[in-house]
Amino acid sequence: MSAPRAPKGTYDLLPDEAARRDAIVATAARLFAAYGYRHMVTPEFEETGLFERGVGEATDIVRKEMYTFLDKGERSLTLRPEGTAPICRAYVEHGMHKLPQPLKVWYYCPMFRYEKPQAGRYREHYQIGAEAIGSADPAVDAEVIALLAAIFAELGVEGVTLNMNSMGDSTCRPAYVETLRGYLRGREGELCGDCLERVDINPLRTFDCKVESCRAVLDEAPRIVEHLCSECREHFDTVLALVERAGLEPHLDFRLVRGLDYYTRTTFEFISDRLGAQSGVGGGGRYDGLIAQIGGASTPGVGWGSGLERIALAMRDQPLPSVAPDAYVVSFSAEARAAAFDIAQQLRGAGLAAELDLAGRSPKGQLKQAGRSGARLAVLLGLDELGAGRVRVRTMDGGGEEDLAAAGLAALLAARLGKES
RNA sequence: GUGGGGGUAGCUCAGCUGGUAGAGCUCCGGGUUGUGGUCCCGGCGGUCGCGGGUUCGAAUCCCGUCCUUCACCCCA
């Protein structure tokens, strides 16, 4: 019987890493607010049918990656594998079309996919994401892209490039898919086994293939951007123009065919050269058919998701946020320990961060802890001081000490540290 | 799901042509019977991922398994 470990593909965020994570999310939250996106939370699991219908039966996510289970009431539930379908479900369920449109929201939560773990890929991973629902205006596409770019810039995510494509819509895509399928059938002899299957199931996915011969075939294949209907063409051109106005350099990528069935028109992806094979650091697109697909009124939407683990990997090293207390209370005798506890409480009550020894250390050990903790002040308590109602307050980096009354100490130190409440 | 690399102290690793374990850092204590960060000394700490096999003897060789890592696939 070996000791329990975190399940395969999951990880613990220890305090230092959690502090960095919190800082990332706080920065993102600030930018979400600047762009007018409001925080929203949905359940960790949903009815399985939501993802089957929303994400698409033919996708890898639905076919082999979902954590699906029956609860005690025989309901088929699935741990959320992606963020967009749940937001759209909530939009429909709560009649959010009655709010000013587009509805602009963001989320921060774990996603669950049964995949083989590797660098930047986990079975439980966290995403921040944004969704703007209720407007087909190309300015919305550009806004969400600019928002994600701003977050990366603010965080210092390095080596980032933006790839974009258009998937067309229900008017032009079906015809294009048939054109592509016909072309591929004409060159079947040059395709790998996977691609031969894709020709039947979803010819668009052949663009993902890394096999040399397939790539050669696809390089010469008809491209969807050249087969867009006039509405999609105009939409895409406007999005590109606005994205450029935002100071970004979109690279057209005819291979960018995202693996979720709900995408229409704009798709985009930010990749970073700091990530190895799992190079995508954030991506998304427009999903004008999704809400109707899951049973709502036909409603356009656009959004993206970005993986926190990959953001952290691609960020330049950040200094750890300081966790130094304002004061460390040191007791020089067993009798002073209770008084040290009281003083720490008094300081905390005044809004100061205060620590004291909780491990029965010697006075020297406590001072050593005080030094390591980075505390600005040490409050020293001994028998002599206790009897006189005094404490000695040492400035840690200078070493100077002064004798102060224990009563009113918290207010005095708070004022001195500029932390009056 | 397929294929390559790796799993030794809390962390980073050495030891691996078989003879039952080491270093640095961390942590705790001492050097000052009441005063930190440097320095010196000492100490705590490991069923060598797990299971099986070969052998007089396995951290070391073989098999299986789990985890991890890199790539494929897919995506964040």
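**Figure 1. Lining of the second largest pocket, with 12 nonpolar, two polar and seven charged residues.** The view is taken from a predicted model. The space in this second largest pocket amounts to about 530 Å³. Its lining comprises 21 residues, of which Arg20, Arg21, Ile24, Ala312 and Leu313 are the closest to the centre of the pocket. At least two lining residues come from each of helix 1 (15-34), helix 5 (138-155) and helix 11 (308-314). Helix 1 makes the greatest contribution to the lining, namely six residues.

**Figure 2. Surroundings of Ser135 in the loop between strand 6 (124-133) and helix 5.** Ser135 has a relative accessible area of 15% and is therefore classed as buried, the limit for that class being under 20%. A polar atom of the Ser135 side chain is placed 3.1 Å from the backbone nitrogen of Asp137. When residues up to four places away in sequence are not counted, Ser135 is in contact with Pro102, Val140, Arg286 and Pro300.

**Figure 3. The largest cavity and the residues that line it.** The model contains one cavity of 30 Å³ or more. The volume of the largest cavity is about 40 Å³. Its lining is made up of Met40, Val41, Thr42, Arg80, Gly83, Pro86, Ile87, Tyr107 and Cys109. Two or more of the lining residues are supplied by each of helix 4 (84-93) and strand 5 (103-112). Sorted by class, the residues around the largest cavity are six nonpolar, two polar and one charged.

**Figure 4. An open sheet of eight strands with mixed pairing.** The strands follow one another in the order 1-5-6-11-10-9-7-8. Strand 1 (38-39) and strand 8 (250-252) are the edge strands; each has a single partner strand, so one side of each lacks a neighbour in the sheet. In general, the strands of a sheet are paired through backbone hydrogen bonds, in either a parallel or an antiparallel sense.

**Figure 5. Antiparallel pairing of strand 5 with strand 6.** The two strands are joined over 10 bridges. In one of the bridges shown, Phe112 is partnered by Glu124 of strand 6. Strand 5 also appears in Figure 3, where this strand gives two or more residues to the lining of the largest cavity. Strand 6 is also one of the elements that flank the loop holding Ser135, the subject of Figure 2.

Notes. Residues numbered from 1 in each chain as written. Chains lettered and ligands numbered in written order. Predicted model: local features only at pLDDT ≥ 70, side-chain atom pairs only at ≥ 80, totals over all residues. Heavy atoms only, no water. 1 Å grid on protein atoms, 1.4 Å probe; cavity = no way out; pocket = protein on both sides within 12 Å on 5 of 7 lines; lining within 4 Å. Points joined across faces, edges and corners; volume = space filled by probe spheres on them. Helix = DSSP H or I, 4+ residues; strand = E, 2+ residues; numbered from the N terminus. Nonpolar A, V, L, I, M, F, W, Y, C, P; charged D, E, K, R; others polar. Buried < 20%, exposed > 50% of the residue type's maximum accessible area, 1.4 Å probe, protein only. Polar contact = N/O pair within 3.5 Å; in protein donor to acceptor, adjacent residues only side chain to side chain. Contact = heavy atoms within 4.5 Å. Pairing = 2+ DSSP bridges.
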